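The following exercises concern helix geometry, burial and packing in a single protein chain. Please inspect the sequence and the structure before working through the solutions.

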Amino acid sequence: MAGHGAEEHPHGADRLCEAGDRVYSRAVRRGRVSRLDAEPVPCLLDLALLHPDPDDMAWLVPTSPQEVMTRLLHGLYDEVSASRQRMGSAVAAFEWYAGLGGPAPGTVAGEGVGVAIRVLDGASRIQAALDEATEACTTEVLTVQPGGIRREHELSEGLHRALALRGRGVRMRDLYNHVARHGQGLLNYLELMGDAVEARTLDEVIDRLILFDRTVAFIPANADRTMALELRHPALVGYLGTVFERLWRLAAPLTAPLPDTRIEGVSHREQSIAALLAEGHQDAVIAERLGISVRTCRAHIARLSETLGAASRTQLGVRIAQVGLDVPLGADAVQPSGSTIPERPMR
């Protein structure tokens, strides 16, 4: 049956065929469907969306939509994690090869390594390149803004660029850490920009990324962001666009409430911290990845220990695994909402 389903119904659980959608919907509404009704759609059995009723083998019962969604989101999370690692390797490789030779033909010494990739050294050169890309942008700007709450003075510094883009009809989408939700300045900024921008949040995002019109991208080139890479190679820019879209799909609209966690008394952030603790990360690393201070991170860990009845970090790790908090939170079903253009993007 598996082969038959794969041949005539080549799809996954996230995009059912018309017949499969009809039968699965009926099963969810009624609690079960007969095997006879399900014969035309073997894909539902192949995808484990239907399974035999143990009380009556002539009937099939549906897997709950919540369980199906969790399964899909875990798969997407794995894909995004792998993409982040591959992107880091790709950038490192470009930097390595870029340093092997001298300037490419037609470039000025010290100006980078040609059109495909350019090293920008210093805040003024970075800002000049960003201003140039902003002026040339005609369609969309995609940004990833890691870290914590966005300060109002930082947002106001880039307001003129955002307004100029909005005036030309450019669409803007931004990704932030969940902690950015607590900054009133960002909410005020989104209200000011209106429909021109959308913003979503995740527990963790990649390092800063700014992508203009899917033709030029900017990423930090060192830890303190005093250097940046300007990327124009179509393959690399396209890859970064794909990474952004997958993260965007996992993210929740900034103005929408975060979903409830799986354990009563455990907050959404504490569940994210629990998953990172289970991976063996230290407090400072967890704090950086979630955009919070180490002190705040430790306060959450203390509350998590109290909630789970753990007297030590070792016992906390055991309790996290026992109650199922060691699985990273995936994104929840999202609906489009609001974004921003970077304030001082590479700073």
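**Exercise 1. Determine what backbone angle G31 takes just after α2, and describe the helix that precedes it.**

Solution. Just after α2, G31 takes a positive phi of about 95°. The model is a predicted one, in which local features need pLDDT of at least 70 and side-chain atom pairs count only at pLDDT 80 or more, while totals for chains, interfaces and linings use all residues. Residues are numbered from 1 along each chain as its sequence is written, and side-chain values use heavy atoms, with hydrogens and water left out.

Helices (H or I, at least four residues) and strands (E, at least two) are DSSP runs, numbered from the N terminus. The expected span of a helix is 1.5 Å times one less than its number of residues. Helix α2 (residues 18-30) has 13 residues and should therefore span 18 Å; its end C-alpha atoms are 18 Å apart, which agrees.

Next, consider burial: buried means under 20% relative accessible area, exposed over 50%, and partly exposed in between (1.4 Å probe, protein chains only). G20, V23, Y24, R26 and A27 are the buried residues in α2. Seen down the helix axis, they fall within an arc of 155°, so they line one face of α2; the arc is that of the directions from the helix axis to the C-beta atoms. The exposed residues E18 and R29 are carried by the face of α2 turned away from the buried side.

**Exercise 2. Is G20 buried or exposed, and which residues beyond its sequence neighbours does G20 contact?**

Solution. G20 lies in helix α2. With a relative accessible area of 0%, G20 is buried. Contact means heavy atoms within 4.5 Å. Leaving aside neighbours within four places in sequence, G20 is in contact with V41 and L44. G20 and A38 are 18 residues apart in sequence, and their C-alpha atoms are 8.4 Å apart in space.

**Exercise 3. Establish which residues of α6 are buried and what they pack against.**

Solution. First, check the length: helix α6 (residues 123-136) has 14 residues, which at 1.5 Å a residue should span 20 Å, and its end C-alpha atoms are 20 Å apart, in agreement. The buried residues of α6 are I126, Q127, A129, L130, A133 and T134. They cover an arc of only 160° around the axis, which puts them on the same side of α6. S124, E132, E135 and A136 are exposed on the face turned away from that buried side. The buried residues of α6 pack against β4 (117-121), α8, β8 (209-212), β9 (216-220) and β10 (227-231).

**Exercise 4. Which residues of α13 are buried, and what covers them?**

Solution. The 15 residues of α13 (residues 294-308) should span 21 Å at 1.5 Å a residue, and its end C-alpha atoms are 21 Å apart, which agrees. In α13, C297, H300, I301, L304, S305 and L308 are buried. Seen down the axis of α13, these residues fall within an arc of 140°, so they line one face of the helix. On the other side of α13, R295, R298 and E306 are exposed. The cover of the buried residues includes α11, α12 (283-290) and α14 (313-323). Just after α13, G309 takes a positive phi of about 70°.

**Exercise 5. At what angles does α13 pack with α11 and with α12?**

Solution. Two packed helices are described by the angle between their axes and the distance between the axes. Axes are lines fitted to C-alpha atoms, for helices over the stretch in contact, and angles run from 0 to 180 degrees between N-to-C directions. Angles under 35 degrees count as roughly parallel, over 145 as roughly antiparallel, 65 to 115 as roughly perpendicular and the rest as oblique.

Step 1. The axes of α11 (residues 268-278) and α13 come within 10 Å and cross at roughly 90°. That makes α11 roughly perpendicular to α13. R269, E270, I273, A274 and L277 in α11 meet T296, C297, H300, I301, R303 and L304 in α13.

Step 2. α12 and α13 pack at an angle of about 105°, with their axes 8 Å apart. The two helices α12 and α13 are therefore roughly perpendicular to each other. D283, A284, I286 and A287 in α12 meet V294, C297, R298 and I301 in α13.
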